Amino acid sequence: MTHGERILIVDDDPMSVKLIRALLTGAGYEVRSAKSAEEALVVLETFGPGLILIDIQSPGVDGLELTRQLRRDLSMQKIPIVALTARSVKGDEQNAWSAGCDGYITKPIDIRTLPSTVRQFLKQDSGPDLKRPHDVPLAKARGPAIAAESAPFPNHDRQEVVAADFQPSSSDNEDLVSELRNNLLAQGMDEIPTLLANLEKEFNADKARRLFHRWASTAGTLGYPKITRQALKLEELLAYPVTETKETLRAGMQELMACFSNGAFTKEPDRVWPPEIVACLSGKRLGLIGFSRADTQRMTRALQQTRASTRAFTKALPGAGILSIFDMLVVKLSAAGPNPWTDPEQLGNNSKPLLLVGPCEALLEASALKQQPDFLTAPCDAEEVILRAFRLLSKLHAHRAAARRRLGASLPVVVIADDDVDVTRLVSATLQKFQIDCRVACDGAQALQMVKELRPSALVLDVNMPGMDGFDVLMRLRADTHTRDIPVILLTARQQEEDVMRGFGYGAADYVVKPFKPTELAARVSRLVG
């Protein structure tokens with residue numbers, strides 16, 4: 001895990017930025033993003049990164065020209081700059097080096113190795129005194145496989161915990177990959193018919209080239225290598241006049257459409273869980289101990305539908321240090337021999353809500369325990385695990401809220417900034433049910449003043465307010481050392497990737513699109529305020 005090093009991503013592809021942001025944020029980095037060179041220069045006025053990732057083929061001022069501009073600034077000469085590109089073209093490495101880049105990462109990005117690759121660049125010294133490329137070749141990382149960076153377990157826990165050979169990605173990353181897959185497939189299914197229809201009359205080659213470039217950059221990382229290969233072929237085909245390649249281009253786009261269709265219609269539909277279950281389990285981490293690989297996969301897929309995350313271990317002892325990071329434990333019991341999870345003395349070391357899954361004889365032995373874990377008879381459905389988890393965790397939440405009221409502990413304070421009275425009433429009423437103290441601001445200036453005075457646990461910020469809009473408020477908060485670390489959730493009626501990524505670029509922690517489900521917003525706020 002890193003210690004909050006700052007990274008700036010300059011890339012106009014929202015899907016690519018979302019994925020890189022999630023991977024690096026999960027690895028402990030503070031990340032900002034910009035979709036163009038001009039926006040990057042604005043972000044750099046108030047954000048000092050330790051490393052910059054720049055897409056070579058950005059629109060307008062491209063990534064290499066931006067790198068040259070930055071290297072002319074004395075304050076930027078020591079900051080590592082790493083080039084991102086969708087394909088490895090002969091000469092790109094030398095061009096990147098000549099522009100002042102310190103590294104070169106080829107898309108599709110291998111999400112298993114990206115955080116470690118970034119760490120290596122941060123350890124290097126940058127600037128004019130760097131060795132020439134024949135002495136130190138530019139770093140390259142590539143590969144379309146889907147996996148998530150996984151931090152090794154602390155050494156002191158290795159005698160108590162054995163990680164399973166199958167370790168699913170964290171739910172945050174898996175949730176994001178699922179969302180980006182859906183967005184990618186939907187975009188392809190929408191855009192390709194239009195491109196085909198316009199091929200005879202108003203074909204926009206620049207737009208097509210940008211789309212093919214984006215799909216080639218992202219699809220492989222998301223598990224669609226066929227889309228990446230076909231998009232690359234079409235991007236290369238557009239180097240020739242469309243009038244000369246029209247029929248080949250048409251056939252290629254039809255084949256690409258088939259790739260998108262195959263991806264879209266082979267997905268397994270997710271079950272829609274009740275909002276109260278999603279609100280309760282969202283952001284929770286469950287440790288799965290002793291389950292087979294197949295059982296682990298099945299439960300992980302189901303729990304991801306409630307936005308919960310999992311980690312699997314072949315075995316672990318009650319009270320093991322690594323288990324402290326989980327909100328709940330699910331343990332598989334066997335019928336043969338003693339088990340530490342049914343031993344009263346050893347189980348006394350466990351402080352987590354516990355669900356035991358096993359044969360009847362093992363559960364009968366566990367039913368006499370004073371700790372009173374919940375039980376399921378094996379084999380059980382993944383849906384049953386979700387319902388039992390909801391029961392255990394909602395009960396724990398109620399107990400903690402009651403204890404907080406008895407002790408008179410102060411509640412977390414959240415500022416809600418929106419000029420719509422109905423929205424602020426709805427959000428306030430919902431958050432108060434989750435033991436959150438709400439304060440309301442009706443415009444950007446009032447929100448800014450209230451945040452500076454109260455230093456709240458979080459800010460729910462509407463983007464489209466009169467006068468000072470949400471983006472202005474967000475930029476001013478991030479420029480102030482006293483408010484820069486306060487998490488901000490953007491609330492907007494415009495479901496546009498550009499607005500969302502602009503907010504992330506300015507430092508927003510999350511977003512919710514209107515019309516929204518109050519319980520979803522409450523779950524996102526609760527996760528931020530702890």
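This report describes two parallel sheets, the aromatic pairs and one charge–ring contact in a predicted model.

**The sheet of strands 1 to 5**

Five strands make up an open sheet whose order is 2-1-3-4-5, and the pairing within this sheet is parallel. Strand 2 (30–34) and strand 5 (103–106) occupy the edges, and because each has a single partner strand, one side of each is left without a neighbour in the sheet. Neighbouring strands of this sheet are turned by 20° against each other on average, when direction is ignored.

Within that order, strand 1 (residues 6–10) is joined in the parallel sense to strand 3 (residues 51–55) over 4 bridges, and Ile9 has Leu53 of strand 3 as its bridge partner. Helix 2 (residues 37–44) lies across strand 1 and strand 2, and the helix runs at about 140° to strand 2.

**The sheet of strands 12 to 16**

An open sheet of 5 strands, again with parallel pairing, has the order 13-12-14-15-16. Its edges are formed by strand 13 (437–441) and strand 16, each of which has a single partner strand, so that one side of each is left without a neighbour in the sheet. The twist from one strand to the next averages 20°.

Strand 12 (residues 413–417) pairs with strand 14 (residues 458–462) in the parallel sense over 4 bridges, with Val415 standing opposite Leu459 of strand 14. Strand 15 (residues 488–492) and strand 16 are likewise parallel and are paired over 4 bridges, and here Leu490 stands opposite Tyr511 of strand 16. Strand 16 (residues 510–513) is covered on both faces, since Asp510 and Val512 on one side and Tyr511 and Val513 on the other are all buried. Strand 16 thus combines an edge position in the sheet with two covered faces.

The bridge partners named for the two sheets are collected here.

| Strands | Residues standing opposite each other |
|---|---|
| Strand 1 and strand 3 | Ile9 and Leu53 |
| Strand 12 and strand 14 | Val415 and Leu459 |
| Strand 15 and strand 16 | Leu490 and Tyr511 |

**Aromatic pairs and a charge over a ring**

The structure holds 5 aromatic pairs. One of them is formed by Trp215 and Phe260, whose rings meet edge-to-face at 5.0 Å centre to centre with 70° between the planes. This pair links distant parts of the chain, for Trp215 belongs to helix 7 (residues 205–218) and Phe260 to helix 9 (residues 242–264), the two residues being 45 residues apart. Trp215 counts as buried because its relative accessibility is 0%, and Phe260 is buried with a relative accessible area of 0%. Trp215 and Phe260 also belong to a cluster with Phe212 that is linked by ring pairs.

Another edge-to-face pair is that of Phe313 and Phe326, with 5.8 Å centre to centre and 85° between the planes. Phe313 lies in strand 8 (residues 309–316), whereas Phe326 lies in the loop between strand 8 and strand 9 (328–332), so this pair too links distant parts of the chain, with its members 13 residues apart. At 1% relative accessibility Phe313 counts as buried, as does Phe326 at 2%.

A ring also takes part in a contact with a charged group: the charged end of Arg502 sits over the ring of Phe471, at 4.1 Å from the centre of that ring.

Notes
Residues numbered from 1 in each chain as written. Predicted model: local features only at pLDDT ≥ 70, side-chain atom pairs only at ≥ 80, totals over all residues. Heavy atoms only, no water. Pairing = 2+ DSSP bridges. Axes fitted to C-alpha atoms, helices over the stretch in contact; angles between N-to-C directions. Contact = heavy atoms within 4.5 Å. Buried < 20%, exposed > 50% of the residue type's maximum accessible area, 1.4 Å probe, protein only. Phe/Tyr/Trp six-rings, centres within 6.5 Å; stacked < 30°, edge-to-face > 60°. Lys NZ or Arg CZ within 6 Å of the ring centre and 35° of its normal.
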